[in-house]
Each structure stands twice: as C-alpha cells, then as structure tokens.
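User: I am new to this structure and would like to understand how its descriptive labels are reached. Please take me through the reasoning one label at a time.

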Amino acid sequence: MSAGKQKINFLSVLVLLILVAILFGCQAAKQDYSIKSIKLTEIKFQDNFWSSRIETGRRVTIPHSFKQAEETGRIKNFEIAAGLAEGDFCSNYPFDDSDIYKLIEGASYQLRLEYDSELDNYLDRLIEKIAAAQEKDGYLYTARTIKNKGGKIPLEHWVADNRWEREKDAHELYNAGHLYEAAVAHYQATGKKTLLNVALKNAELILKDFGPGKVMLPPGHQEIEIGLVKLYRLTGEKKYLNLAKFFLDQRGNKEGHELYGFYSQDHLPVRQQEEAVGHAVRAAYMYAAMAEVAALTGDEALLQALNKLWEDVVSGKMYLTGGIGSTGAWEGFGPPYHLPNASAYAETCASIANAFWNYRMFLLHGEAKYLDVFERLIYNGILSGIALTGDRFFYANPLASFGQHERSPWFGCACCPPNLVRFIPQLGQYVYATSGDRLYVNLYAQSRGQVQMDDLKVELEQETEYPWKGDIKIRVNPASPDDFTVMVRIPGWALGKPVPGDLYYYPDKSKAQPLIKVNGQEIPLNLENGFLPITRDWQPGDLIEINLAMEPRRVLANEKVKDDLGLVAVERGPVVYCAEWVDNNGRVSNLLLPDEASFSSEYREDFLGGLVMVKATGRAYELKKETPVFKEQDINLIPYYAWAHRGRGEMAVWLAKEESKVRPTPEPSLASKAKVETSKGARGVGFINDQYEPENSNDHSVGYLHWWPKKGTTEWVSYEFPAPVKISEIAVYWFDDTGQGECRVPDSWRLYYKRGQDWVPVKNLDSYGVEKDKYNWVRIAPVRTSGLKIEIKCQEKFSAGIQEWQVK
C-alpha cells in the first residue's frame with residue numbers, strides 16, 4: 001500500500017473515531033430523565049391559594065426565619081468560626097449550619113420569582129460570613145472549627161478530634177449537601193459565585209478525602225448525594241456525580257466501615273433494599289438521590305430497588321395525608337400498616353422529602369400515580385406544617401389531637417421551617433413537564449406558564465378555582481401551529497382511587513366521571529399511565545376543558561391498619577378533611593359519622609384564608625349515669641392543613657363510624673373540676689384531669705404531664721377544688737416512655753392534703769404504687785379538704801410524668 005493511501009486510510013479511521021466519540025459523547029450527555037421539568041420562573045401562579053402562600057413566604061416566612069436564625073445563634077456560629085466574634089457554639093446541634101443553607105436556598109428561589117434588593121444584599125452579607133468561616137483547605141463545619149478554637153459545643157461526643165471520624169452522628173456531609181444546594185440556587189438566581197466558590201472548594205476537599213482507598217464512610221444523614229448531583233448538573237464535572245454514586249454504593253457495604261444499621265438505611269446495599277426502614281427523612285432523601293443517579297447513569301438495579309421501596313411505602317407505610325414516618329422513637333417508619341393517628345410523627349421534612357422522591361419517580365417513569373402522591377402531599381402532609389400566617393410551624397403532623405398540639409415559631413432542632421422556606425417557592429416547576437413532543441400537565445392551579453419544548457415555545461393559561469372546584473380551562477398557545485401531544489393528568493381521586501394501591505379506598509362508588517373537551521368536543525377517556533394523551537395540530541387559542549367532579553368522599557383504610565378499624569375519613573378532591581373541636585361543640589372524639597351520612601359543601605371566603613367547609617349529618621355521644629346516649633348533630637369539617645389556628649383542642653382526621661370507637665363526653669368528675677398547679681418546668685398541666693384514658697404508660701396519643709428535661713429532682717402537682725370535698729381514694733397513672741425518652745415512673749411519691757394554709761401528709765392505707773400501664777390506687781384515711789398535692793421524687797438521671805390523676 002502506498003504512503004498516500006495509508007495516509008488517507010489513517011485519516012478516514014481518525015475521522016470515524018472522532019465521529020464515534022462525538023456520537024457516544026452526545027449519548028452520554030443525553031443520559032438523564034426522559035422527562036424534563038420546567039424552570040420555576042416559567043410559571044406564575046395567579047390564584048388565591050398558591051400565589052398567596054408564596055407571597056406570605058416572601059413577606060413573612062423568609063424574614064421571620066432569618067430573624068430566628070439570628071436570635072438562636074445559628075448565624076453567630078459562622079461569625080465565631082470566622083473569628084469575627086468570640087464565644088462558644090451558640091445553638092443546639094452541629095447540623096444547625098444546614099438551616100442557614102436551606103434558608104439561603106429558599107430565599108434564592110424567591111429572588112428568581114421576584115427580585116428584592118434588600119434580600120439580595122442580606123444574602124451577600126451572610127455569604128461573606130460563611131466564606132470567612134471556611135477553613136483554608138475548604139472544610140466548613142462551624143462546630144468543629146469553634147471547638148478547635150477552644151470553644152464549647154453541644155453534643156461534643158458527636159464531634160471527634162479527627163474530621164469525618166464520627167460521620168454517623170456529626171452530619172458533616174449532611175451540612176455540605178445543603179450548602180451545595182444553596183450555592184447552586186444562589187448562583188442561578190443572582191449569577192454570583194460567592195457561595196458557589198465556597199461549595200466547590202468544600203467539594204474538592206471531600207473528593208480528596210473520600211473514595212476507594214481513602215475514607216470509605218457513607219454519610220450518616222443522606223443529603224450530600226443530592227447536592228453533588230446538582231453540582232454535576234451545573235458544572236458538567238462528572239466527578240461530582242461519581243462521588244454521589246460512591247456514597248450510595250457505600251451504604252450497606254461492610255468494606256471500609258462498621259454499618260450504621262437500619263436507622264440510617266445502612267443495613268443493606270441500596271440495590272438490595274426492598275423495605276423502607278429507619279429515619280424517614282434520611283430514607284426519602286436517599287431515595288431521591290438514587291433516582292437522580294439512576295437517571296444519570298442508567299443503573300437498572302437502582303431503578304428496581306426504587307420501584308420496590310416505593311411500593312412498600314404506598315402499600316403500607318403512608319398516611320392518608322401523604323405523610324411518612326409513623327413513630328417518633330426514631331422519627332421514621334414502623335412496621336407495615338402501623339399508622340397510629342394521634343401519635344403519628346409524619347415529620348414535615350419527611351413529607352417534603354417524600355415529595356422530592358415522588359416527583360423524581362414521575363420523571364423516571366412518566367406515570368401519574370407518583371404525581372397523585374405528590375399532590376396529596378402538597379395539599380395535606382406538607383401544607384399542615386406551616387400556619388396560614390407563615391410564622392408558625394409543625395414539626396410532627398399528627399392525624400388526631402386531644403389538645404396537646406400547637407404550632408411553634410421555631411424549634412431547637414429547626415430543620416422543618418427552612419425546608420418549607422425552600423419548598424414552597426419551587427412549586428411552579430412541578431406544574432408542567434416535557435418529553436420530546438409531549439407536554440405534561442401535572443398540577444392544576446390558576447396560572448400562566450411559558451413552556452419550552454424541543455423547538456417550540458408554548459404558552460399555557462389555566463383558569464380554575466382548584467382545589468375547591470374541579471372545572472379547569474387550559475388555553476394552549478403555541479408560538480406557531482404545530483403537532484404535539486398534551487398529556488393531561490387525570491388525578492387518581494377523580495378515578496375512584498385516593499392513593500395508588502389498596503391502603504385507602506372509597507367505599508362508595510361515584511357515578512361522575514372525568515369529562516375532557518378540546519374546543520368543545522369531548523375526548524374519549526383513553527388513559528396512558530394516568531394521563532389522557534391529546535395529540536393534534538395545536539393552534540393558538542385552542543381550549544382544553546376539564547371537569548373533575550368534586551364531592552365529599554368517605555375514605556376507609558385497609559383492614560390491616562388496626563388504628564383505623566371502625567373509623568372513616570373524608571376528603572374532597574385532593575384535600576383531606578378533619579373535624580376540629582371549635583366547630584363541633586368543643587369535642588370530636590365523641591362524634592360518630594354513620595355510613596348513611598349526607599354531605600354538603602360551602603366555600604367561605606372569609607374563613608381561614610378562604611376554603612370549602614364540609615358538613616355531614618352525624619351523632620354526638622355523652623355519658624349519662626355511665627350510660628352512653630346520643631343526639632343528632634351536624635359534623636363540621638375543615639381541610640386538615642387549616643387545623644390548629646384557633647387554639648388547642650381536639651382534632652381528628654379519622655372519625656368513628658362504629659359506636660365502639662366513640663369516646664362519649666364524660667360527666668364532670670372531682671378531678672376534672674379541679675384547678676391544677678405544678679412545680680416549675682412542668683409541661684402539659686391540663687392533661688392529667690382531662691378524662692382521656694391512656695392505653696398504656698407510653699401512650700403519646702393522649703396528653704400527659706411531664707417535667708422533662710429535669711432529671712433526678714423532686715417535683716409536685718396539686719389539685720385545688722372549687723369547694724372542700726371528702727376524699728378517701730386516689731389513683732395515679734404514670735407516664736413512662738422507656739425505649740423512647742427519658743421519663744420513668746418515679747423512685748417514690750407521697751400524697752398531702754391541704755389543711756388551712758398547710759400541706760399535711762395523708763394517712764395512706766395502701767402503699768404508693770409505681771407500676772406502669774395501670775392506675776395505682778391508694779386508699780387513705782378520709783379527709784375533708786380543698787386541695788391535694790402529690791410530691792414526686794424522680795429516679796436518678798430520669799424525669800417523670802403523669803397520664804391521669806383520679807380522685808374519689
């Protein structure tokens with residue numbers, strides 16, 4: 001072969017190799033979700049529901065949260081670490097840094113929606129402090145930096161002498177993950193790299209320290225995986241994606257670390273996990289990260305694991321509100337079908353993490369069932385976490401209350417308020433999605449959107465009063481006439497399924513079916529994965545009309561959910577309802593909602609921010625001479641998210657439908673009429689004479705009195721009667737949360753009665769019992785008195801509490 005021909009062949013091969021490289025490079029670049037979200041700036045809500053909540057976030061929640069962060073020392077921690085101030089670590093937990101990062105992330109989303117120079121400048125000053133607190137090699141964790149300067153820190157055993165040594169508890173990588181998310185959001189909102197440079201420097205340190213042959217620990221609390229993926233998406237640097245995958249691969253991998261256990265989902269390799277266990281927030285963050293890595297790498301084993309985990313959650317571990325995590329003992333999942341109501345944990349952060357996960361599952365699979373869960377969460381499980389005023393929050397979201405719950409302005413462990421700050425302004429990006437020539441309509445709300453498809457811009461205008469009315473008009477305005485498919489989501493509740501699977505169901509069939517029209521012509525309801533595909537040559541001004549019948553529906557739980565046997569819930573459209581004391585003559589546990597109940601609905605614009613109230617025919621029970629009697633009484637229901645705005649009292653999502661499940665209003669007793677006073681520091685003063693019978697000493701479903709966190713002390717509680725009475729017997733039901741908290745039955749106790757102004761010991765005829773799970777009855781030599789006092793000596797290193805105190 002001549003030299004010329006060899007040269008030509010070499011060039012041909014070289015060109016071919018370059019083309020192959022380009023082709024495979026393009027394919028690699030395209031490896032991602034097949035469905036793409038829109039940008040949060042591409043839609044503007046114009047309703048009285050989400051737009052008002054986003055505005056409340058801007059005006060109230062963001063400034064309130066930053067003020068709380070300042071007052072609780074979270075921001076000062078960065079100043080001390082930076083040498084700008086002196087002192088010890090100011091807040092409660094080493095992971096408090098993450099609260100600041102989440103607030104910056106949420107504030108950045110808000111800046112994208114509506115620019116605010118004052119907020120922008122505030123973030124600049126705050127980021128300067130964060131950057132100054134970063135150590136030279138990129139390490140950023142104020143607790144350790146302050147400790148190394150000689151300052152005291154709480155939970156010092158969490159922070160070992162060496163970095164990463166106690167990652168199981170220390171949350172060093174968890175903090176970093178929220179830093180990365182905040183940095184990406186801030187850069188996208190402002191174009192400034194001030195926080196992004198801090199994040200990238202920190203990420204380089206973690207890349208240097210972690211990996212095969214280096215530190216092999218997975219994060220104690222999952223989150224950095226999501227942050228690393230966001231850095232990868234922003235920069236295109238695959239090393240960040242690889243590190244996210246490494247951290248997932250290390251979970252359940254005995255090589256390189258001692259397993260953390262099921263609490264941290266570190267009991268099995270992630271691809272072998274089929275059951276959701278442990279801490280619910282950690283789990284759902286991990287599942288969201290697994291979805292990201294699966295989408296970006298094509299990891300089929302991750303996808304299969306995710307599918308099994310999702311089925312496990314929705315089939316037996318999810319509340320009607322979409323909340324997850326039934327137990328407060330480890331803030332997480334209990335066994336299948338273990339879904340208690342009054343003691344439900346259902347942490348706000350877990351609901352937000354569950355929403356993140358379910359939306360990513362939709363992007364992976366294109367099935368509406370994931371959006372059904374997502375929608376259930378945003379209207380119920382998440383929204384209950386924040387008050388209508390925007391400055392009060394729930395950490396846990398129980399589905400029943402006996403008056404022991406109210407929202408708080410902040411928390412010592414304040415992960416939930418900043419999570420709400422960052423979640424709500426993101427909502428717009430979930431309304432629509434695209435995939436090639438398909439445009440997905442995921443959520444309904446009065447809004448105007450601009451959606452960029454592959455080579456076509458489409459303007460979409462929704463006219464609706466959703467979630468109160470099911471009539472929706474969508475005006476489709478492509479930039480030019482074009483042929484594409486609009487995928488209209490038909491919610492599961494409109495098809496007779498409140499949730500995917502059989503965990504909850506409607507016992508009554510509805511005759512109404514969804515009705516869809518395009519330009520007045522009805523479209524057959526031929527669904528594809530829960531969507532109605534409408535393919536046509538779309539013209540500017542084309543109109544989609546959707547009618548979803550909204551009527552109150554009775555909901556029952558799978559019979560395996562023992563806590564809901566004999567009970568019924570009510571929902572209307574995507575909104576779960578509850579009965580609250582203030583609307584129902586002071587109680588709801590005494591109500592019965594019979595199977596034959598009739599319902600009516602009324603929109604009340606001036607009530608709790610504007611909502612639809614549901615009224616049902618029912619019965620109210622009370623005890624007359626220890627015999628239950630009832631009278632007909634309407635039951636008034638409000639959306640679950642709107643409860644706890646009008647004082648403490650009873651609330652229930654699940655109401656009795658059988659008489660055996662009713663708690664009749666008891667007749668007043670000596671104890672219930674007494675005034676309660678206690679030694680300093682007691683909480684739940686009003687619960688020891690509320691006449692709610694506990695199931696056991698560790699029953700958190702009813703209120704109880706306790707002195708925690710005081711330990712090893714001597715405490716007291718007294719009754720003052722309206723008039724002197726003759727007393728011959730008392731009974732105490734002790735609170736004891738062994739295995740869950742630090743309250744125990746007391747070491748000892750004794751009873752006094754009031755004689756004049758003095759407290760005098762009674763002559764007890766029985767020993768002072770300290771048994772759990774029962775009333776400890778004590779007979780005494782009869783006394784006539786205006787008051788009784790119990791003096792309690794707590795066990796050493798433990799606190800004490802009382803469920804109920806009865807008097808005869």
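User: Why is Trp330 called partly exposed?

Analyst: In this predicted model, Trp330 has a relative accessibility of 31%. Because partly exposed covers what lies between buried, under 20%, and exposed, over 50%, Trp330 counts as partly exposed. Its place is the loop between helix H13 (300-316) and helix H14 (348-365).

User: What makes Trp330 part of a nonpolar patch on the surface?

Analyst: A patch takes residues with over 30% relative accessible area and no salt bridge, and nonpolar side chains are joined within 5 Å; Trp330, at 31%, meets the requirement on area. Together with Phe262 and Tyr263, Trp330 forms a nonpolar patch with about 260 Å² of accessible area.

User: Why is the patch that includes Asp483 called negative?

Analyst: The patch is formed by Asp437, Asp454, Asp455, Asp483 and Asp537, and because Asp counts as negative, the patch is called negative. As for Asp483, which lies in strand S9 (residues 482-489), its relative accessible area is 48%, and since the cut-off for a patch is over 30%, Asp483 passes on that point.

User: How do you know that His186 is buried?

Analyst: The relative accessibility of His186 is 0%, and because buried means under 20%, His186 counts as buried. His186 lies in helix H8 (residues 172-190) and, leaving aside residues up to four places away in sequence, touches Ser108, Leu123, Asp124, Ile127, Gly191, Lys192, Thr194 and Leu195.

User: Why is Lys147 called buried, while Glu156 is called partly exposed?

Analyst: Lys147 has a relative accessibility of 19%, and since the limit for buried is under 20%, Lys147 counts as buried. Glu156, with a relative accessible area of 42%, falls between 20% and 50% and is therefore partly exposed. These two residues form a salt bridge in which the closest N and O atoms are 4.0 Å apart.

User: What makes the pair Lys230 and Glu181 a salt bridge?

Analyst: The N to O distance between the side chains is 2.6 Å, and because a salt bridge requires a side-chain nitrogen of Lys or Arg within 4 Å of a carboxyl oxygen of Asp or Glu, the pair qualifies. The pair links distant parts of the chain, with Lys230 in helix H10 (residues 224-235) and Glu181 in helix H8, 49 residues apart. Both Lys230 and Glu181 are buried.

User: Why can the salt bridge of Asp583 and Arg646 be said to tie together separate parts of the sequence?

Analyst: The side chains of Asp583 and Arg646 meet at 2.8 Å, N to O. Asp583 lies in the loop between strand S17 (575-580) and strand S18 (591-592), and Arg646 in the loop between strand S21 (627-639) and strand S22 (650-652), so the pair ties together parts that are 63 residues apart in sequence. Asp583, at 15% relative accessible area, is buried, whereas Arg646, at 24%, is partly exposed.

User: Why is Lys797 called exposed?

Analyst: Its relative accessibility is 62%, and because exposed means over 50%, Lys797 counts as exposed. Lys797 is placed in the loop between strand S29 (775-793) and strand S30 (801-807).

User: What makes the phi of Lys797 worth a remark?

Analyst: Phi of Lys797 is near 75°, a positive value in a residue other than glycine. Most residues other than glycine have a negative phi.

Definitions and conventions: Residues are numbered from 1 along each chain as its sequence is written. This is a predicted model: local features need pLDDT of at least 70, side-chain atom pairs count only at pLDDT 80 or more; totals for chains, interfaces and linings use all residues. Side-chain values use heavy atoms; hydrogens and water are left out. Patches are made of residues with over 30% relative accessible area and no salt bridge: like charges are joined within 9 Å, nonpolar side chains (Val, Leu, Ile, Met, Phe, Trp, Tyr) within 5 Å. Accessible areas come from the Shrake-Rupley method with a 1.4 Å probe; for residues, only the protein chains shown count as cover. The place of a charge is taken as NZ of Lys, CZ of Arg, CG of Asp or CD of Glu. Helices (H or I, at least four residues) and strands (E, at least two) are DSSP runs, numbered from the N terminus. Buried means under 20% relative accessible area, exposed over 50%, partly exposed in between (1.4 Å probe, protein chains only). Contact means heavy atoms within 4.5 Å.
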